[in-house]
Amino acid sequence: MDQPPPSDVPDEPLSGDVPEEPETESYRRGRKAASGLAAGAALVAGAAFAFARYHPARIAIEGVSMAPTLLPGDWALVVTPERFHRDDVVVVEHPQRPGYEIVKRLTGVPGSVVGGRELDEDEYWVEGDFAHRSTDSRDFGPVTRARLKAKVVLVYWPIERRRLVR
């Protein structure tokens, strides 16, 4: 009675029979699923933070004042940074046309000397890259920090012009 119960599988292969390979089972450890879930949650949280912090938006370029940096038909991604720096390409509310936004390069920051005049604490100087086709600070003077709305960070359309804006 110490013998094991009979089995349907023979102990030795019969002559001419090749033993079958045992099936390998695949399984996932619970820890991997949890780490994938944590990575996904971290990615979503990071994206939510970036959206809340930088307020990304899309703009369409219509004029030639920023050529060759930006051309009519370009679509660009803009963000709202904490600080603006000289040479940033920025979205500016036109000082003589409230609600109308233009894209220019920031060429003067507070303390800079522009045209023989030092900019005050809340004054910024903006100019288009294509000077003779641009309405900018040379026409309307310096703008305040409140009129600087966003910074252009990349062109994403058309695809052949996709790049970071410098």
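Okay, let's start at one residue: Pro142 has a relative accessible area of 25%, so it counts as partly exposed. Before going on, please keep in mind that this is a predicted model.

Where along the chain are we? Pro142 sits in the loop that runs between helix H2 (137–140) and strand E8 (143–144). And which residues does Pro142 touch, once we leave aside its neighbours within four places in sequence? The contacts are Arg117, Leu119, Glu123, Tyr124, Trp125 and Ser137. For Leu119 there is also a backbone distance: its C-alpha atom and that of Pro142 are separated by 7.8 Å, and the two residues are 23 apart along the chain.

Let me zoom out for a moment. The protein chain has 166 residues, and 28% of them count as buried. In secondary structure, you'll find two helices and ten strands. Reading from the N terminus, the order is α-β-β-β-β-β-β-β-α-β-β-β. If you take contacts between residues at least 6 apart in sequence, 48% of them join residues at least 24 apart. As for the surface, the chain exposes about 12000 Å², with carbon and sulfur atoms supplying 54% of that.

Right, on to charges. Side chains of opposite charge can pair when their charged atoms come close. How many salt bridges does a search of the whole structure find? The count is eight. I'll walk through some of them.

Two of Pro142's contacts, Arg117 and Glu123, are a good place to begin. Arg117 and Glu123 form a salt bridge with each other, and their closest N and O atoms are 3.0 Å apart. Is each partner buried or exposed? Arg117 is partly exposed, at 37% relative accessibility. Glu123, on the other hand, has a relative accessible area of 15%, and that is under 20%, so Glu123 counts as buried.

Next, Lys151 and Asp88. Their side chains meet in a salt bridge, with 3.7 Å from N to O. This pair links distant parts of the chain: Lys151 belongs to strand E9 (residues 148–157), while Asp88 is in the loop between strand E2 (75–79) and strand E3 (89–93), and they are 63 residues apart. Lys151 is partly exposed at 25%, whereas Asp88 is buried at 8%.

Then we have Asp136 with Arg138, whose side chains come together in a salt bridge at 2.4 Å, N to O. Asp136 is buried, with 0% relative accessibility. Arg138 is partly exposed, with a relative accessible area of 40%.

Asp136 has something else going on too: its side chain makes a polar contact with the side chain of Ser134, at 3.0 Å. Let's look at that serine. Ser134 is found in the loop between strand E7 (123–127) and H2. Its relative accessible area is 10%, so Ser134 counts as buried. What else is in contact with Ser134, beyond its neighbours within four places in sequence? That list is Ser65, Lys104, Gly128 and Asp139.

To finish the charges, there is also a network of salt bridges, which links Glu93, Arg147 and Lys149.

Now the rings. A pair of aromatic rings is described by the distance of the centres and the angle of the planes. A search of the whole structure turns up one aromatic pair. Which residues form it? Trp75 and Tyr156 do, in an edge-to-face arrangement with 6.2 Å centre to centre and 65 degrees between the planes. The angle is over 60 degrees, and therefore the pair counts as edge-to-face. This pair, too, links distant parts of the chain, with Trp75 in strand E2, Tyr156 in strand E9, and their positions 81 residues apart. Both rings belong to partly exposed residues: Trp75 is at 34%, and Tyr156 is at 28%.

Trp75 has another partner. Arg58 lies over the face of Trp75, at 4.6 Å from the ring centre. You'll also see the charged end of Arg97 over the ring of Tyr100, 3.9 Å from its centre.

So, if you open the structure yourself, try starting where I did, at Pro142 in its loop between H2 and E8. From there, look for Arg117 and Glu123, which are both in contact with Pro142 and form a salt bridge with each other. Then go over to Trp75 for its edge-to-face pair with Tyr156 and for Arg58 over its face. Thanks, everyone.

Definitions and conventions: Residues are numbered from 1 along each chain as its sequence is written. This is a predicted model: local features need pLDDT of at least 70, side-chain atom pairs count only at pLDDT 80 or more; totals for chains, interfaces and linings use all residues. Side-chain values use heavy atoms; hydrogens and water are left out. A salt bridge is a side-chain nitrogen of Lys or Arg within 4 Å of a carboxyl oxygen of Asp or Glu. Helices (H or I, at least four residues) and strands (E, at least two) are DSSP runs, numbered from the N terminus. Buried means under 20% relative accessible area, exposed over 50%, partly exposed in between (1.4 Å probe, protein chains only). Contact means heavy atoms within 4.5 Å. Rings of Phe, Tyr and Trp (its six-membered ring) pair if their centres lie within 6.5 Å; planes under 30 degrees apart count as stacked, over 60 as edge-to-face and the rest as tilted. A charge sits over a ring if NZ of Lys or CZ of Arg is within 6 Å of the ring centre and within 35 degrees of the ring normal. Accessible areas come from the Shrake-Rupley method with a 1.4 Å probe; for residues, only the protein chains shown count as cover. A polar contact is a pair of N or O atoms within 3.5 Å; within protein, one must be able to donate a hydrogen and the other to accept it, and residues adjacent in sequence count only if both atoms are side-chain atoms.
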